[in-house]
Amino acid sequence: MSVDVLRHGVSQDELTAATADLLRNGFRLGLVAAHADDDAFRIVHLFLAGWPDRRVEIECVVPELDPTIRSLTQLSFAAGRFEREMADLYGITPIGHPKARRLVRHAHWPEQWYPMRRNAGPMPEFNGSAHFPFVTVEGPGVYEIPVGPVHAGLIEPGHFRFSVAGETVLRLKARLWFVHRGVEKLFEGRRADGAVELAERVSGDTSVGHTLAHSLAVEDALGVRLPEPAHRLRALLVELERLYNHATDLGALANDVGFALANTHAQRIREQLLRLNAAVTGHRLLRNSIRPGAVTLQGLPDPAELRSIAADVAELAELTLRNTVVYDRFAGTAVLHAQDAHDLGCLGYVARASGMRADARLEHPTTALPVTEVGATAGDVLARYTVRRDEFAASVELACNLIESHSGPTTYTENLPLRREASSGIGIVEGWRGTIVHRVEVDADQRITRAKIVDPSWFNWPALPVAMADTIVPDFPLANKSFNQSYAGNDL
């Protein structure tokens with residue numbers, strides 16, 4: 001489905017009023033992207049709304065010699081984090097920001113080196129002696145527990161600083177960006193059809209979601225229109241990615257409360273799904289199947305096999321929740337209230353478990369799909385578990401519908417047109433964690449000049465410390481797994 005993007009150029013004086021008006025009218029802030037042009041910085045705010053699909057870009061230019069912008073933090077929590085990211089990577093100062101300390105750049109990063117600028121120059125020597133200024137919580141019996149960034153299991157690095165009284169968590173601070181790779185910079189200069197391998201590796205467990213969002217953005221920029229059957233094949237791949245990840249999480253959550261039997265069966269189911277992925281695309285993680293203008297499948301899954309796996313997962317979930325110890329550990333733990341989820345801008349199963357409607361398949365569809373909305377209201381670990389369980393069943397039925405209604409080829413290719421002018425495009429996908437947004441700008445030679453990527457983890461990570469308030473320390477691994485956000489998807 002082609003959707004027109006309304007674009008407005010505004011002054012800094014007009015930016016706050018325009019943002020407030022859009023937020024009042026049901027839009028959310030989807031991304032903020034800074035661009036280092038020849039003699040100025042151009043900042044694009046993308047606002048999104050669904051039912052029907054609406055997209056608005058507000059562009060504001062700030063001079064290179066005075067790179068400041070008025071903060072929108074008083075209107076949007078997410079805006080404040082995007083502003084801190086711009087301050088770290090571009091040196092654009094948010095005026096009036098209540099908490100303008102570093103976000104992406106760790107304390108050992110050089111003060112005046114902004115790597116996303118065109119004239120950033122070579123990377124200078126880093127100073128390893130500086131430390132992150134954690135807020136200290138004081139009071140009788142209060143102590144700190146530092147965890148990470150290196151963890152015991154196969155997990156990406158992240159540091160968690162607990163301020164605790166007894167076993168109760170008073171405050172949790174999550175420090176991320178230990179695996180910042182400069183991914184957005186790596187897109188620059190690549191041909192529009194030559195960056196798929198980067199998109200597939202933004203977050204490895206979301207290869208399809210990010211590749212599809214990137215491809216949709218490039219296609220939007222170049223005016224490529226694929227037929228509906230191609231979009232439906234792409235939607236099938238997104239659902240297959242959702243299935244193996246949700247099955248994995250259902251087992252991992254049980255494992256975090258000592259119910260290893262459920263996790264063993266979940267790993268068995270995951271292996272079935274990965275082998276099915278390999279038969280469909282030639283890759284267990286579904287890579288090499290989507291690129292700008294194309295989708296390629298080696299075959300379609302057997303609907304009977306998918307429905308058999310769904311029955312297996314339903315039995316596994318019933319077995320898990322019938323265990324009274326598991327149920328008691330899940331219920332009422334790490335509650336994220338609906339208002340907090342809304343104010344933080346949460347997405348995906350985290351938002352849906354707290355009573356929010358948030359699904360890009362319905363809000364920003366590429367083709368009409370019979371999506372069954374799944375949700376809960378309690379906002380606890382149990383709700384995030386049951387949302388995954390119910391989404392697995394709904395996703396299987398959607399996948400079977402896509403398979404059984406398909407006729408014709410399983411490969412579609414459209415040549416990318418030669419457009420001798422600069423353009424931009426947006427791609428939006430409901431990945432298994434939530435809504436993914438990519439925005440690209442392409443020059444007259446069809447090379448990417450800027451790629452902005454927003455994984456749902458960017459919006460959901462701040463919700464974990466909020467949900468952990470008044471939760472006991474031993475429940476942190478369970479709470480963290482119930483959110484299961486991507487470090488790499490956040491630490492671009």
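**Cavity chat**

Visitor: Which element gives the most to the lining of the second largest cavity?
Guide: H13 does, with four residues. This is a predicted model, where local features need pLDDT of at least 70, side-chain atom pairs count only at 80 or more, and totals for chains, interfaces and linings use all residues. Numbering runs from 1 along each chain as its sequence is written, and side-chain values use heavy atoms, without hydrogens or water.

Visitor: What else lines the second largest cavity?
Guide: The lining includes Glu239, Arg242, Arg361, Val371 and Glu391. H6 and helix H13 (381-404) are the elements giving two or more residues (helices are DSSP H or I runs of at least four residues, strands E runs of at least two).

Visitor: And how much space lies in there?
Guide: About 60 Å³.

Visitor: OK, zooming out, how many cavities of 30 Å³ or more are there?
Guide: Six. A cavity here is a set of 1 Å grid points where a 1.4 Å probe fits but can't get out, and lining residues have an atom within 4 Å of a point.

Visitor: How much space lies in the largest cavity?
Guide: About 180 Å³. The lining has 17 residues, with Leu212, Arg361, Thr366, Leu369 and Val429 nearest the centre.

Visitor: Which element gives the most to that largest one's lining?
Guide: H6, with five residues. Helix H5 (207-222), helix H12 (360-363) and strand E13 (423-430) are among the elements that each supply at least two.

Visitor: Switching topic, how many disulfides are there?
Guide: Zero, counting cysteine sulfur pairs within 2.5 Å.

Visitor: Is Cys400 buried or exposed?
Guide: Buried, because its relative accessibility is 0% (the cut-off is under 20%, with over 50% exposed and partly exposed in between, using a 1.4 Å probe and protein chains only). Cys346 counts as buried too, at 1%.

Key:
1 Å grid on protein atoms, 1.4 Å probe; cavity = no way out; pocket = protein on both sides within 12 Å on 5 of 7 lines; lining within 4 Å. Points joined across faces, edges and corners; volume = space filled by probe spheres on them.
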